[in-house]
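Reader: I am in my first year and would like to look closely at one part of a structure rather than at everything at once. Could you take me slowly through a single helix and what surrounds it?

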Amino acid sequence: MPARSWPSAHHGGPTPHARIAFAVGKRYEQEGDLEGAARWFRQAAEEDLADAALRLGDVLGRLADQGGRDSGRSKDRLMAEATRWLSEAHGKEHPDAVELITDMLNRQQRLAAQRAVETAAG
């Protein structure tokens, strides 16, 4: 007799764990711990919670603004990962995601211009 799969109690939506991880991530973000927030948002986003993918992308973009110094990851890698998660959120009908991608890229351009001016003046 073939085994039947157990029916999902969540009907394909995000699990309670994803919602809890998202709430914990928001708390870390409010406290200014972007690395902690990213860890929790990633857990929730990997369980298909679009709001978490949106927040994760934004947090990773802000870590990239800091040059990746806290995370040990390169700025370019953080931006690539942020863009991937924001695109995922946009694919799940989060219109804010495109705006966050644009804002992140604009911030990076301003930071690069500022560094160029400081280098030329120094």
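Author: Before we begin, one term is needed: two residues are in contact when heavy atoms of theirs lie within 4.5 Å. Please also keep in mind throughout that this is a predicted model.

The part I have chosen is helix 2, and it helps to place it in the chain before looking at its residues. The chain has five helices and zero strands, so that, read from the N terminus on, its elements run α-α-α-α-α. Of the 122 residues of the chain, 35% count as buried, and, among the contacts with a separation of 6 or more, 54% are made by residues 24 or more positions apart.

Helix 2 covers residues 34-46, and it is one of the elements that give two or more residues to the largest nonpolar core. The length of helix 2 can be checked with a short calculation: its 13 residues, at 1.5 Å a residue, should span 18 Å, and because its end C-alpha atoms are 18 Å apart, the two values agree. The same check can be made on helix 5, where 26 residues reach 37 Å from the first C-alpha to the last, close to the 38 Å expected.

Now consider the two ends of helix 2. At its start, a side-chain oxygen of Asp33 reaches to within 3.4 Å of the backbone nitrogen of Glu35, while just after the helix Asp48 takes a positive phi of about 75°.

Between these ends, the buried residues of helix 2 are Leu34, Glu35, Gly36, Ala37, Ala38, Phe41, Arg42, Ala44 and Ala45. In helix 5, by way of a second list, the buried residues are Ala97, Leu100, Ile101, Met104 and Gln108.

As general background, nonpolar side chains tend to be buried together in soluble globular proteins. Here the largest nonpolar core has 28 residues, and those that touch the most other members are Ala44, Leu56, Val59 and Leu60. The elements that give two or more residues to this core are helix 1 (16-30), helix 2 (34-46), helix 3 (50-65), helix 4 (75-91) and helix 5 (96-121), and helix 3 gives the most, with eight residues.

Leu56 shows how helix 2 meets its surroundings, for, once neighbours within four places in sequence are left aside, Leu56 is in contact with Ala38, Phe41, Arg42, Ala45 and Trp85. The last of these residues, Trp85, has a charged neighbour of its own, since Arg84 lies over the face of its ring at 4.4 Å from the ring centre.

Phe41 deserves a slower look, because at 0% relative accessibility it counts as buried. A search of the whole structure finds one aromatic pair, and that pair is formed by Phe22 and Phe41, whose rings are tilted, with 5.6 Å from centre to centre and 40° between the planes. Since Phe22 lies in helix 1 and Phe41 in helix 2, the pair ties together parts that are 19 residues apart in sequence.

The partner, Phe22, is buried too, because its relative accessible area is 14% and the limit for that word is under 20%. Leaving out residues up to four places away in sequence, Phe22 touches Phe41, Ala44, Leu49, Asp51, Ala52 and Arg55. For one of these, Ala52, there is also a backbone distance to give: the C-alpha atoms of Phe22 and Ala52 are 5.9 Å apart, although the two residues are 30 residues apart along the chain.

Arg42 is the other residue of helix 2 that I would single out. A first-year student may wonder how it is classed, and the answer is that Arg42 counts as buried, because its relative accessibility is 19% and the word applies under 20%. Apart from its neighbours within four places in sequence, Arg42 is in contact with Leu56, Leu60, Arg73 and Glu81.

For comparison, look at two charged residues elsewhere in the chain. Asp58 lies in helix 3, and its relative accessible area of 12% means that Asp58 is buried; with residues up to four places away set aside, Asp58 touches Glu29, Leu86 and Leu100. Lys75, in turn, lies in helix 4, and because its relative accessibility is 25%, it counts as partly exposed. Beyond its neighbours within four places in sequence, Lys75 is in contact with Ala64, Gly67, Gln108 and Arg115.

Methods: Residues are numbered from 1 along each chain as its sequence is written. This is a predicted model: local features need pLDDT of at least 70, side-chain atom pairs count only at pLDDT 80 or more; totals for chains, interfaces and linings use all residues. Side-chain values use heavy atoms; hydrogens and water are left out. A nonpolar core is a set of buried Ala, Val, Leu, Ile, Met, Phe, Trp, Tyr and Cys residues joined through side-chain atoms within 4.5 Å. Buried means under 20% relative accessible area, exposed over 50%, partly exposed in between (1.4 Å probe, protein chains only). Helices (H or I, at least four residues) and strands (E, at least two) are DSSP runs, numbered from the N terminus. The expected span of a helix is 1.5 Å times one less than its number of residues. A polar contact is a pair of N or O atoms within 3.5 Å; within protein, one must be able to donate a hydrogen and the other to accept it, and residues adjacent in sequence count only if both atoms are side-chain atoms. Rings of Phe, Tyr and Trp (its six-membered ring) pair if their centres lie within 6.5 Å; planes under 30 degrees apart count as stacked, over 60 as edge-to-face and the rest as tilted. A charge sits over a ring if NZ of Lys or CZ of Arg is within 6 Å of the ring centre and within 35 degrees of the ring normal.
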